[in-house]
Each structure stands twice: as structure tokens, then as C-alpha cells.
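Grab a pencil and take a look at the structure below. We'll work through a few exercises together, one step at a time.

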Amino acid sequence: MSEGEMAQLMEEVEEKKKLIAIIRNKPWRMKRRLVLLREAQQFVDKFEGALGKGKGRKWYAYKVMMTKKWIKFQRDFENFRTACIPWERKIKEVESHFGSSVASYFIFLRWMYGMNLVLFGFTFGLVVIPEVLMGLPYGSIPRKTVPRPEQPTAQDYSVLMDFNGYCKYSVLFYGYYNDQRTIGLLKFRLPLSYLMVGIGTFGYSLMVVIRTMAKNADVGGGDGEEGEFTFAWKMFTSWDYLIGNAETADNKYASITTSFKESIVDEQENQKDENIHLRRFLRVLANFLITCSLGGSGYLIYFVVKRSQEFATRDDLSWYEKNELEIIMSLLGLVCPPLFETIAELEDYHPRIALKWQLGRIFALFLGNLYTFLFALFDEVNTKLLEEEGIKNASIWALKEYYANYSMMMNDSEATPPPMDPSDVIRGPCWETAVGIEFVKLTVSDIQVTYLTILIGDFARAVIVRFLNYCWCWDLEAGFPSYGEFDISGNVLGLVFNQGMIWMGAFFAPGLVGINVLRLLSSMYYQCWAVMATNVPHERVFKASKSNNFYMGLLLLILFLSLLPVVYTIMTLPPSFDCGPFSGKTKMFDVIMETIDLDLPAFMGTLFSYAANPGLIIPAVLLMVLAIYYLNSVSEAYQNSNMELKKKMQMARDEEKNRRNNTDSTNQVMKDLEDLLPNRSLAPPAPPEPEKKPEPEAKPTKTKPGAAGKGVNLQKDVALATPNPNARGPVRQPPGPRGPGPGPGPGQGRGRGRGPPPR
Amino acid sequence: MGNKQTIFTAQQLDAYQDCTYFTRKEILRLFYRYRDLAPQLVPLDYTSHPDVKLPYELIGSMPELKDNPFRQRIAEVFSEDGEGNMTLDDFLDMFSVLSEMAPRDLKAYYAFKIYDFNNDDFICKSDLEKTLNKLTRNELTEDEVRMVCEKVIDEADLDNDGRLSLEDFQHMIVRAPDFLSTFHIRI
């Protein structure tokens with residue numbers, strides 16, 4: 001075989017291979033696909049061997065075999081991965097009853113569970129297990145022992161519930177970890193691992209969130225203009241094929257009908273502008289009220305944190321006083337959103353816009369609360385740091401006294417005294433553990449409040465409505481209060497903020513991620529049960545388009561905001577002197593410096609010191625800024641050219657329509673003549689034959705308004721598209737910029753949910 | 001995963017995996033779903049490619065399809081004989097296209113076929129009217145129906161022939177943000 005033939009054959013083989021790879025994307029019948037697939041595979045098998053002749057034959061055959069094995073491995077791995085995805089049946093059940101928007105919340109929950117499981121794996125495997133297996137056991141050194149004064153109560157249930165006592169001196173919290181540089185036979189560097197895992201948590205989460213956002217961005221469908229295809233989209237994309245339940249289907253029919261009727265009404269009338277001044281005033285008033293309540297809630301939290309600091313000094317606290325902070329925060333999160341919704345009634349916005357405002361306000365509320373909490377916490381940390389100085393001196397003093405006492409008692413100043421019992425050593429305040437405890441308590445109370453809300457707000461309500469209905473004056477099921485609807489946006493926001501708290505607290509309390517994994521797991525089952533047993537499908541289905549990326553964007557924002565406090569603490573605050581893996585160092589990241597100096601070869605140290613030189617970093621930052629600027633302008637240029645092309649297409653359409661109008665109206669006489677002539681020699685050879693016929697018919701109705709002819713509602717002035725061009729003016733405004741007609745999806749439902757790592 | 005099944009040969013399963021978006025386990029699960037519709041008609045051994053067709057009534061009674069107003073059209077589009085009677089190949093094909101992994105263009109192609117009631121490769125006004133009536137269960141008045149159909153043609157018809165061709169339809173539907181999430185059946 002000659003070279004040319006060889007090359008051609010190779011090309012053909014490549015083509016067949018490509019066909020095999022994309023054959024499932026072809027819109028053919030399955031039978032045809034199977035036949036073509038078999039042919040292509042036989043061709044490839046037959047000729048691939050032949051191509052291997054000549055030089056490099058063995059290598060070629062080896063390459064082919066490895067590719068086959070690789071494809072098979074990929075396929076098996078894919079199969080395995082799909083088999084591992086949990087809760088597929090459950091989600092399908094929810095989907096068929098409630099539609100894709102509610103199910104997207106559960107898909108999001110499942111994705112979060114997957115991410116948290118990976119974080120848990122990191123933390124557990126690289127920090128907790130080494131400390132437990134290779135580190136010193138409980139009770140051997142002061143930081144791992146309950147101090148003598150606390151020992152009598154250390155096992156009390158109430159103390160454990162507060163995460164004091166034995167809980168505080170366990171692997172759950174920062175303070176337990178020893179600062180030994182290497183532990184065990186394997187010389188595992190625990191402090192380094194602790195820091196790396198802390199940073200790696202953020203890095204991994206960032207990577208996963210951005211990857212999912214990129215995947216979802218593709219799905220969004222690009223740049224459909226607002227209202228460009230309102231009716232077409234309504235007609236072809238409003239039925240949710242996932243519905244598998246008769247009641248949901250009924251609801252869906254009703255909501256589709258309502259939605260069409262609304263759009264028709266919007267088409268026919270322009271919204272009259274009511275008193276615009278009153279509307280503006282009401283909006284300003286509403287915003288003012290909401291800002292007041294946001295400020296009020298922020299102040300309330302600050303006040304409560306201050307009070308809890310006072311409480312910390314007292315001992316006789318009631319249960320309420322001990323948990324006041326967490327209760328208040330959770331209550332605020334519960335009470336304020338409905339409050340905002342009621343105030344927003346004043347504003348009178350379109351539902352989709354109102355939903356955006358609502359979500360923005362809830363976001364501001366949670367953010368404000370979280371950061372006020374953080375600032376108050378920082379105050380506490382600073383107080384503790386000051387305390388530490390005093391205690392450090394006191395403990396050194398106590399040690400000296402102990403030695404002095406000992407030698408006095410033994411009357412032998414030469415013998416070495418045994419080390420002081422660990423529980424007697426005076427302990428520093430250990431602010432990191434305190435912060436960790438605060439976050440864990442917050443998370444736990446959040447879990448409790450969420451579960452209680454579902455139990456009371458949904459379950460008890462459903463039970464009351466169902467059973468009290470028999471003996472009540474009005475129909476509880478149809479009127480107030482009726483069954484609840486699943487609040488998608490509230491739940492998703494709750495999940496996002498909970499994750500933010502986990503990210504913030506995981507550095508100070510490694511056990512927090514484990515608690516979160518348990519929480520997500522139980523949440524999945526609990527909420528699935530609750531939604532199926534106590535909720536009804538939404539009456540009006542609003543789908544905020546691209547809302548899936550909205551929630552991912554929110555998650556990304558929260559990730560950055562949680563990153564800040566942790567990075568600040570690592571970089572600036574000095575670690576406690578007697579607890580945690582960084583005790584004794586001036587700053588936490590000194591561990592890295594130490595590792596570079598002692599463990600890595602010398603040249604790496606010099607390399608790092610060069611890399612850390614400002615003279616290198618500033619130009620690098622500058623370069624990145626320039627790159628961002630360049631990419632930004634390129635993307636703007638593409639957007640502009642896109643707009644130009646769209647305009648051109650629109651103009652071409654208009655021209656076509658114009659031309660058609662003009663030809664028709666001027667050549668009507670000619671057309672009548674043509675109809676009479678047998679060979680239609682004067683007729684333009686236009687394909688749309690069937691269209692010509694309605695025109696002469698509709699002509700007489702042109703002058704009769706409201707005729708029941710070929711359907712045009714001629715009573716109103718609005719111009720509608722009809723095949724009869726004579727019913728309107730020669731130039732028609734394309735359906736581009738439309739009034740406040742509801743688009744393909746305002747509101748509360750979610751779009752797609754299935755983004756993420758499990759597939 | 002164990003290779004203990006005797007329904008298909010290994011080559012058949014691999015071929016199905018190449019031709020659909022399903023994994024091996026899902027294909028077997030779909031086979032059992034297919035068989036559950038009519039156990040006496042469907043043999044347990046497909047290695048000899050038996051020619052078995054299930055009538056439309058059985059397909060249309062599946063829980064995933066029974067509430068769908070377009071189930072008849074879906075079955076007709078994906079069946080070989082055009083009447084809704086489906087072989088296993090058609091069955092797999094249908095759920096593969098309607099699954100989450102199918103790309104937008106492929107779904108748009110089949111959606112066009114589904115909404116084209118008279119199979120003339122164009123979505124004309126009567127097709128639109130039928131679609132709308134199915135969607136609203138005849139709750140809209142005739143005038144309203146007419147108006148909506150005209151609006152749709154006006155919005156989506158690019159070549160101005162008064163009906164939607166495949167290109168018009170695809171151009172319109174690939175921009176729809178909800179299309180992928182609603183044109184999806186999970187099985």
C-alpha cells in the first residue's frame with residue numbers, strides 16, 4: 001500500500017472512530033444507529049491492523065490496545081460512578097409530584113452532601129485520625145485534660161450539651177491538638193497538616209463551586225432577550241415532562257392556562273400608569289422600614305453577644321440565658337423574611353422583580369447578622385488574648401511554687417520533682433476553642449430550629465387542617481391556613497448560609513464538618529418525608545431563569561466572605577500559648593516557614609524567599625490585572641458584534657415582510673388576473689402557495705371590524721401577527737421590547753438542579 | 001460489575017451503551033421496565049433479536065407518561081411504525097433522548113417532531129392550536145387560541161412562510177432557559 005493510500009485509510013479510520021464516539025447524538029432511529037455502529041466498528045477493526053504495517057508496527061498495535069483498554073476503563077468507571085449516586089428514587093418521587101423546581105432543591109442538597117463528605121474525608125483522614133492514633137492520649141498533657149476545677153461537672157449532660165466538659169477537651173476542637181512537630185513512627189507533621197487542610201478546604205470548595213457554575217452557565221441557554229419569544233416559549237416549554245402524578249398535572253394545567261390568559265391580557269392592554277408619585281413614596285417608605293429592621297436586628301445581635309460575655313463570668317444561668325445568642329439569631333432568621341414580604345406588599349412590583357428584592361433582602365439580613373456576630377466574637381477574642389498574658393505569668397509562677405513545695409516536702413533539693421498533674425496546671429483561655437464552640441453551638445441550634453419549624457409549621461399545620469376541618473366553620477383546606485407550599489428560596493438560602501458557617505468554623509473545630517455531614521444526611525430524609533406528607537404543589541409556578549447559577553453565585557460569595565475571617569486569624573492573630581497545634585509560635589503560618597527551613601532542601605528555601613520578594617509579586621499582580629482588563633474588552637467586543645448581527649437579522653426580517661406587503665398590495669390586481677389565467681405565468685414562483693389563498697378571502701373583511709373571518713381581533717388597535725398583511729400597517733414593530741409581560745419565568749421555582757460532581 | 005446477565009450479549013450491551021446515554025445498569029433496568037409492561041410478550045432472551053412490539057396502550061399507561069398530554073405524540077415519534085407501538089430499541093431511544101444527558105440540539109429536533117401533529121415537517125397553525133388545547137385542556141376561548149397561535153408564528157417564524165420549520169423552531173427553542181429542564185423524563 002502506498003503512502004497516499006495509507007494516509008487516506010488512516011483518515012477514514014479516524015472518521016469512523018469519530019462517528020462511533022458521537023453516534024448517540026445523531027437523530028436517527030436506534031436500528032439505523034446499531035447497524036451503522038456495527039459497520040464502523042468492523043471497518044476500524046479490519047483496517048487498524050492493516051495500518052500497523054511497516055515501521056513502528058508494534059508500537060501502533062500497543063497504542064491501539066491501550067486506547068481500547070482506556071475506553072473500557074472509562075466506561076466501567078462511569079457505570080460505577082452512576083451506581084454510587086444516592087437517593088435517585090427519592091428525588092424522582094419528589095419530582096413527579098412537585099415538578100422540577102422543588103426537586104432542584106433536593107438535588108442541590110445532595111450536591112452539598114457530596115462536597116461536605118469530601119471535606120470530611122480530608123479533615124478526618126489527615127488531622128483527626130493521626131492525632132488519635134499517633135498523638136498523645138487523653139489526660140497526658142494539660143491541654144488534653146479537663147482542669148481540676150471543672151472535673152466534678154465534666155460529665156453532666158447540660159455541660160456536654162454546651163460543648164464544655166469532656167466535649168471541649170476532645171478531638172472536636174482546636175485546643176486538643178498537640179504542637180509536636182512530628183508525631184509517631186511515620187514522622188507525621190501534624191501542625192503543618194492542620195494548616196494545609198484548613199486552607200485546602202477552601203481551595204477544594206472554590207474549585208468545585210466554580211466548576212459547577214461553569215457547567216450550569218452553558219445550560220442557561222445564552223442570551224434570549226426579555227420577551228423575545230414569550231408566547232413561543234410558553235407554548236413549548238411550559239409543560240414539565242417530569243410530572244407523574246394526576247394532582248400535580250391538574251395544577252399544572254391550571255397554572256398554564258392562567259399564565260396564558262395573563263399574557264393575553266398583557267398583550268391587549270397597556271398598563272395604565274397609576275399615581276406614580278404615590279408608588280414612589282410607598283417604595284421609599286418600604287425600603288426605609290426594611291433598612292430599619294435590618295439595622296435593628298444587627299444591633300440586637302450585638303447586644304446579645306455582649307450580654308453573653310457577661311454571662312460567661314456568672315455561674316447560675318438558666319437554659320435560656322445560656323443559649324440566648326443562638327436562639328435570637330435563629331429566631332431573627334425565621335421572623336424577618338415574612339416581615340420583609342409583608343412590607344414588600346407596599347411596593348407593588350412584578351412578581352419576579354419582587355422575588356429578586358426579597359432574596360436580596362434576606363441575603364443582606366443573614367450577612368449582617370453573621371458579620372455582627374463575627375465582630376462581637378472578635379471583641380471576645382481580643383479580651384481573651386489580653387487575659388492570656390496575665391495567665392501565662394500566673395502559670396509559670398504556680399509551677400515554680402509547686403517545685404518549691406515539693407523540694408520542701410521531700411527535704412531533698414537534688415531530686416527532680418515529677419511533673420505537675422495535668423489537671424492542676426493553670427490553663428490559658430484558649431480563644432480558638434472558644435470560637436469553635438460558638439460556631440458549633442450556632443450550627444446545632446440552627447439545625448434544631450429548622451427541624452422544629454418543619455415539624456410545627458408544616459406537619460402540625462397539616463394535621464390541624466386535615467382533622468379540624470370536620471368541625472370548623474370555614475373550609476380550612478381551601479381557605480386559610482390550608483396546606484403549606486414548599487419554600488424553595490428560603491430553604492436554599494438556609495442551606496447556603498449554613499455552609500458559610502461551616503466554612504468559617506471548620507478551622508477552629510475540625511469536628512464541625514462531621515456534624516454537618518450528619519445534618520445533611522438526616523435533612524435529606526426528613527425533608528423528603530415532610531414535603532411528600534405535608535406540602536402541596538405550588539399554585540403558581542414561577543421559574544426564575546438561570547436561577548441555578550444565582551444560587552451558585554451566592555455560594556461563591558459566601559465562600560469568599562467566610563474565607564476572610566479565617567485568613568485574617570491565620571495571618572494576624574497570635575495563637576494561644578498552651579493549646580492547639582500552633583501553640584508557642586508567634587503567628588500560625590510560622591509552621592510553613594519552619595517546614596521550609598527544616599524539611600525541604602536548602603535551595604527551595606532560597607527559591608521561596610525570592611518568590612516572596614515584593615519586586616516579583618507586584619509585577620505578577622499587575623500582569624493579572626492587565627489580563628483581566630484585556631479579556632474584559634474582548635468579551636465586550638464580542639457582545640457588541642453579537643448585537644450588530646442580531647440587529648441585522650431583525651432588519652432582514654423586516655425587509656422581507658415589507659417587500660411582501662408592498663408586492664401584495666400593489667400587485668393585487670395582477671394576482672386576480674393570474675388566478676384567471678390557466679398557466680399562472682405571471683405568478684412569482686413562490687413556495688408559500690397555501691398562503692396566497694387566504695389573502696383574497698380576507699380582503700373583504702378588512703373593512704369590517706370584528707368580523708369572524710380569518711381570525712384577527714380588529715376591535716383593538718394592537719397589531720397582531722397574521723398571515724393577512726393588509727390588516728395592519730406596512731411596517732410592523734417586531735415583538736422585541738415588550739411591556740411588563742411576565743416572561744418565561746418569574747419567581748420562586750428553580751430551574752435545573754443537576755449540576756455537580758456526582759455526574 | 002458482574003457479567004451474569006443472560007438477556008443481552010456483551011456486544012449488544014456495549015452497542016447500546018454507545019448508542020444511548022445510558023450506562024449498563026440503566027439499560028438493564030430499562031429492559032426490566034419494558035418487560036414489566038407485558039411479561040408474557042417480552043422474552044427474557046434478546047440475544048437472538050426477537051421482534052417484539054408493545055402496543056401503545058401499554059406504553060401510554062407508564063407512570064412517567066400517563067399524565068403527559070403529549071404522550072401519544074411521543075410514542076408515535078419514537079416508534080418505528082409511527083403508530084405508537086414500540087420495540088425495545090424504540091423504548092431505549094425514547095428515554096435516552098428524554099434523559100438529562102441528551103444535548104440541546106438533539107432534544108430540539110425531537111421536540112419539533114413531537115409538536116408536529118400532522119407530520120408534514122412544519123409546525124403549522126393547526127399543530128399549534130392542537131398543542132395549545134392539549135396544554136390548557138380546552139379552557140381557552142377560540143379567539144384566545146387563535147391569538148396565541150398567531151403570536152407564536154409571528155415571534156418564531158423567521159423565513160416568513162406562516163409556519164415553523166425545523167430551523168425556526170430550533171432557533172427559538174435553544175434560547176429558552178427552561179427547555180432542558182422541562183423536556184426531561186427521569187426513569
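Here come some ground rules, then four exercises with solutions.

This is a predicted model: local features need pLDDT of at least 70, side-chain atom pairs count only at pLDDT 80 or more, and totals for chains, interfaces and linings use all residues. Residues are numbered from 1 along each chain as its sequence is written, chains are lettered from A and ligands numbered from 1 in the order in which they are written, and side-chain values use heavy atoms, with hydrogens and water left out.

**Exercise 1. Find out how confident the predictor is in chain B.**

Step 1: Start with pLDDT, the predictor's confidence in each residue, from 0 to 100. Its mean for chain B is 89, with 98% of the residues at 70 or more.

Step 2: Now go helix by helix (helices are DSSP runs of H or I, at least four residues; strands are runs of E, at least two; both are numbered from the N terminus). Within chain B, helix H5 (residues 88-97) comes out highest at 93, while helix H10 (residues 179-182) is lowest at a mean of 86.

Step 3: For the model as a whole, note ipTM 0.90 and pTM 0.73.

**Exercise 2. Describe the build of chain B.**

Step 1: Count the elements: 10 helices and 0 strands.

Step 2: Check the box around its C-alpha atoms, which is roughly 60 × 30 × 25 Å along the principal axes.

Step 3: Of the 187 residues in chain B, 60% are buried (under 20% relative accessible area; exposed is over 50%, partly exposed in between; 1.4 Å probe, protein chains only).

**Exercise 3. Track down the largest nonpolar core.**

Step 1: Know what to look for: buried Ala, Val, Leu, Ile, Met, Phe, Trp, Tyr and Cys residues joined through side-chain atoms within 4.5 Å.

Step 2: The largest such core has 99 residues, and A:Phe373 and A:Trp111 are among those touching the most other members. Helix H5 (residues 100-134) of chain A gives the most to this core, 14 residues.

Step 3: Zoom in on A:Phe373. Beyond its neighbours within four places in sequence, its contacts (heavy atoms within 4.5 Å) include A:Ile301, A:Leu325 and A:Phe439.

Step 4: A separate core of 86 residues includes B:Cys19 and B:Phe117.

**Exercise 4. Is A:Ile456 buried or exposed?**

Step 1: Locate A:Ile456 in helix H14 of chain A.

Step 2: A:Ile456 counts as exposed because its relative accessibility is 56%.
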